[in-house]
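Open the model in your viewer and keep the selection box handy. We'll hop from stop to stop, and each stop says what to pick and what you'll find there.

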4 protein chains.
Amino acid sequence: VGRRDLARLLVSCSDQPGIVAAVSSFLFEAGANIISSAQYSSDPEGGTFFLRTEFHLTDLDHRGPALERDFGEQVASRLAMEWRMSYASGRKRLALLASRPDHCLLDLLWRWRRHELDNAEVVSVISNHPIHEADVRAFGTPYYHIPTSLDDKATAEARMLDILVGNVDLVVLARYMQILSSDFLERLAVPVINIHHSFLPAFVGANPYERARERGVKIIGATAHYVTEELDAGPIIEQDVSRVSHRDGVADLERIGRDIERVVLARAVTHHLEDRVLVHENRTVIF
Amino acid sequence: VGRRDLARLLVSCSDQPGIVAAVSSFLFEAGANIISSAQYSSDPEGGTFFLRTEFHLTDLDHRGPALERDFGEQVASRLAMEWRMSYASGRKRLALLASRPDHCLLDLLWRWRRHELDNAEVVSVISNHPIHEADVRAFGTPYYHIPTSLDDKATAEARMLDILVGNVDLVVLARYMQILSSDFLERLAVPVINIHHSFLPAFVGANPYERARERGVKIIGATAHYVTEELDAGPIIEQDVSRVSHRDGVADLERIGRDIERVVLARAVTHHLEDRVLVHENRTVIF
Amino acid sequence: VGRRDLARLLVSCSDQPGIVAAVSSFLFEAGANIISSAQYSSDPEGGTFFLRTEFHLTDLDHRGPALERDFGEQVASRLAMEWRMSYASGRKRLALLASRPDHCLLDLLWRWRRHELDNAEVVSVISNHPIHEADVRAFGTPYYHIPTSLDDKATAEARMLDILVGNVDLVVLARYMQILSSDFLERLAVPVINIHHSFLPAFVGANPYERARERGVKIIGATAHYVTEELDAGPIIEQDVSRVSHRDGVADLERIGRDIERVVLARAVTHHLEDRVLVHENRTVIF
Amino acid sequence: VGRRDLARLLVSCSDQPGIVAAVSSFLFEAGANIISSAQYSSDPEGGTFFLRTEFHLTDLDHRGPALERDFGEQVASRLAMEWRMSYASGRKRLALLASRPDHCLLDLLWRWRRHELDNAEVVSVISNHPIHEADVRAFGTPYYHIPTSLDDKATAEARMLDILVGNVDLVVLARYMQILSSDFLERLAVPVINIHHSFLPAFVGANPYERARERGVKIIGATAHYVTEELDAGPIIEQDVSRVSHRDGVADLERIGRDIERVVLARAVTHHLEDRVLVHENRTVIF
């Protein structure tokens, strides 16, 4: 089965009997073959129902629009669904933002080159430092150096919006250490994934490794989450951890942490690109 | 939602379009509400399709037989399904077999008392040692001491079959160190889950911790699997591991291993009791 | 090498050249054979040095007092050491405190019976519930039911102190859900180890699993720490974690958490009993 | 403390009383300050004793040779030690060998550039494929493309020996899929570290991910080990694992495995470079 005729149907609605029957019968009658399907209900009585169905339909390129129209009319409106169809042949455009650390940035570029990122295209890299330019250009990706300072934060954000708005489907903060204003997030109007270098909700904010060392924890972690207005409080997509000991100073924690951060961020980005993440009351459902 | 009106429908058949539509429409029309559902296809083209659907149906006690008959006639026969319905109110009867080590045996009894084992009843404990009798009787469970030796293996197995056949739905080898004959397994005719104290397929057979120490591995593990005729080669249900170092002697590995073994075995038994395990070509599908 | 002639020397002092030479030469000249030794310096220049040396000395029973006196005079006073000698033949007396949950309490009792707890003796179990009495008495251990309420907290603590003071070397809070007053801790005057059912410093205080579920974390954990005046803020001895998903409700987190809690608490207690834990500025050094 | 005056003393000998006293007194009298020290005895009675001591000595550059001579004469010969001193200022020269997969190769080059590899210099990369040339040259490292075929294996190995012998201190097989002859290993005469893409001793040899999928394991792993004549049987330095499920096909296992392989290999190479690995009877002691 090639990607060309593959699509994913994402649905959420109030839980009620007959949802799966309605969706699967619709797809069957349309001639589609379900490849995989996962569902979740926050509560079978009065909760919210979530569905991700991946299906194959011959000649999907041409038949997609009609299929969407029919689904909307015949199924979605009757069951009051929020829904969208995502075509596997459709390429998601990514922008990566990074400050000084390069490990998450380069790791994503590598995975992209190695075709690990589901049909994505990295269309731009933005940094408040000039240092990654040669590395990024080796991947054929435009690099924008936009310095930031307390004075010109608004200017910097405006320049970034010029580059991003309308040109990207996802922004990834690959260890970007500047706080983005809520005005910026609103104008950007696409999802933003951040990697925070702690096991949230522990050590929200700055210098988490110093504070982990200070508190004497025996395990450190990293957390990938969607960015919301409140710092480090958005829906968590993925987390992982590594064991440390009293012998590990802050520099050791940073080194150990780099290996966790890049894997956690890559998993979160991949989940998002494959349309596996649905958000429900500041929590994620990962299919 | 109480257990009384809950059931699980387990299905496997050749993959083909329309399976989910057929099953979900049948359940919807019968008035059932799907609580959760998971599916897997070994290959969308020509593979085997697996489905586990948990549903709620009012008055299931009385309506179950008719529902099963209708499903067989209207859905299963048309799609050439292997299937079974499992009622959450139905209690699965367990026998636990153990040799000298008590950690897996007592752990399962505890979890049973703490209601962690889905609707199970431990109906008997059999050991080739008398040592666990007081511990087991404290749980109100009959204890059978059946010594084994090379001479009387057949006799011992016959005595065990007397106790087990017809009285149990699952046998758990909770560190039972005797090899069961294929004749025994055949007559027993219910699934048998074993915990092997290594990360299979490494260290099949006797003394895995000694051999792990000898080989100098940095991680040890445990494996829960269905018992088949070939030693330690049955379908793997669950595995887990723990880090060790050159400082850990065989006694340390055994101690560390005990904590892995009991958790891995408990997870496997729970998966089985909740009808989450389907077997496909000597591999398990865990829903 | 039997336990009878084994001892551990625990040392901390300002880091300076010659500490290891002084200690090891003293032990060598006294006829002792070093079995294992571990050291740590918080900073080779101006930091604190920690040492744990396990040694064997024939006839240690009789020679111990003189050895301690000589070490104090010849080595410790010159290098301004804090130090203590701990005899492996010396039994540490434990009291276990538990509220309603039994998994940590019973797990420690089992490990004790299985000789996993280094030379310890569980001398009493105290609970604010009567429910564990039969289980505990099966291990031959006295059980004290001391109810607590907001009115009589002082009375309850006084009764507990009557039982504990002078009779125990370590108190373990095996899911004891009452906050102990700083006055109680001061009068008790022995170390207290608590198991907190979260990955500290996340979810300090009550209902950590509810809050973990609320926050949507993908991993939960447990933390064993020494109890200090400030709630859940004492030196962390051990932590571990387990992966969870959006499908896991609070009851699932509690069930999964039980398996983490008991292992983490057992490791922390074992480390303490083997004199492997040294405290430095609210952090632990684990040898 | 800078690297310039740092050294590590590695010792192994028959265990006997007085070793630590002899070494630490010698270093103290020579004016050295011990920074860290770790020791291990395979058996306090009749076993082998291992020691790694890191120390600081002013003007070590000039005093090193005399220190080594004195240690040999005054301590090592008396206690029949095998020993060596390793200067932290001394740079270890690495050659990396890789076949088609690039993830381990590039990961090591990155870590080298990020100064994560203790004072190492990557002096050459050899591959039986031409494909990594541009990537490797971006790091300023010479790249040698040496094709291999069944006919010319001896020729290929001879060309590799020309490049390596006398020029490297460590060879790293960063997913190099050719088996090296024992003659090659003998002439090379420096340690060789390999990353095997399975949790050894499971799945020795070719296609471990296919075989892991076939066996239905629930966890996959990777193993870094020293290369010996016998395939995949050398002393294990480091292992790690990741959880997989029935949904993961061979391509998924390969993708998940890449993240394990590169971290495990990097840890093993780092341990080696920091002189933390001692070999004892086909097992490693990791300090």
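Is Leu97(C) buried or exposed? Leu97(C) is buried, with a relative accessible area of 0%; here buried means under 20% relative accessible area, exposed over 50%, and partly exposed in between, using a 1.4 Å probe and protein chains only.

A bit of housekeeping before we move on. This is a predicted model, where local features need pLDDT of at least 70, side-chain atom pairs count only at pLDDT 80 or more, and totals for chains, interfaces and linings use all residues. Residues are numbered from 1 along each chain as its sequence is written, chains are lettered from A and ligands numbered from 1 in the order in which they are written, and side-chain values use heavy atoms, with hydrogens and water left out.

**Stop 1: around Leu97(C)**

Stay on Leu97(C) and show strand E5 (residues 92–98) of chain C, where this leucine sits. Strands (E, at least two residues) and helices (H or I, at least four) are DSSP runs, numbered from the N terminus. Now select what Leu97(C) is in contact with (heavy atoms within 4.5 Å). Leaving aside neighbours within four places in sequence, you get Ile126(C), Met160(C), Val171(C), Val172(C), Leu173(C), Ala174(C), Arg175(C) and Tyr176(C). For a distance label, try Gln178(C): it is 81 residues from Leu97(C) along the chain, with 9.8 Å between their C-alpha atoms.

**Stop 2: an arginine in chain C**

Next, pick Arg111(C), in helix H3 (residues 103–113) of chain C. This arginine is buried, at a relative accessible area of 4%. Which residues is Arg111(C) in contact with, leaving aside its neighbours within four places in sequence? From chain B come Asp259(B) and Arg262(B), and from chain C come Glu116(C), Leu117(C), Arg262(C), Val263(C) and Ala266(C).

**Stop 3: two helices crossing**

Select helix H1 (residues 19–29) in chain C and helix H1 (residues 19–29) in chain D. They pack at an angle of about 145°, with axes 8 Å apart. The axes are lines fitted to C-alpha atoms, for helices over the stretch in contact, and angles run from 0 to 180 degrees between N-to-C directions. Show sticks for Val20(C), Ala21(C), Ser24(C), Ser25(C) and Phe28(C) on one side, and Val20(D), Ala21(D), Ser24(D), Ser25(D) and Phe28(D) on the other: these make the contact. Color them by type and the contact of H1(C) with H1(D) splits into six nonpolar, four polar and no charged residues. For that split, Ala, Val, Leu, Ile, Met, Phe, Trp, Tyr, Cys and Pro count as nonpolar, Asp, Glu, Lys and Arg as charged, and the others, Gly among them, as polar.

**Stop 4: laying one chain on another**

Superpose chain C on chain A. A turn of 180° and a shift of 0.0 Å along the axis do it, with an RMSD of 0.0 Å; the two copies are thus related as by a two-fold rotation axis. The fit is by least squares on the C-alpha atoms of residues with pLDDT of at least 70 in both. Click Ala202(C), whose C-alpha comes closest to the axis among the residues of chain C, at 2.3 Å. Chain D goes onto chain B with a turn of 180°, a shift of 0.0 Å along the axis and an RMSD of 0.0 Å. There, 100% of the interface residues of chain D are also interface residues in chain B, so the copies meet through the same surface.

**Stop 5: helix H7 and the loop after it**

In chain A, select helix H7 (residues 208–215): Pro208(A), Tyr209(A), Ala212(A), Arg213(A) and Arg215(A) are buried. Their cover includes strands E9 (192–196) and E10 (219–226) and helix H8 (250–273) of chain A, together with strands E2 (33–41), E11 (236–243) and E13 (283–286) of chain C. Just after H7(A), check Gly216(A), which takes a positive phi of about 75°.

Switch to chain D and pick Lys218(D), in the loop between helix H7 (208–215) and strand E10 (219–226). This lysine is buried, with a relative accessible area of 6%. Not counting neighbours within four places in sequence, its contacts include Glu238(B), Gln239(B) and Thr284(B) from chain B, and Ser242(D) and His246(D) from chain D.

**Stop 6: the cysteines**

Last, how many disulfides are there over all chains? The count is zero, a disulfide being a pair of cysteine sulfur atoms within 2.5 Å. Select Cys104(A): the nearest cysteine sulfur, that of Cys104(D), is 19 Å away. Cys104(A) is buried, with a relative accessible area of 1%.
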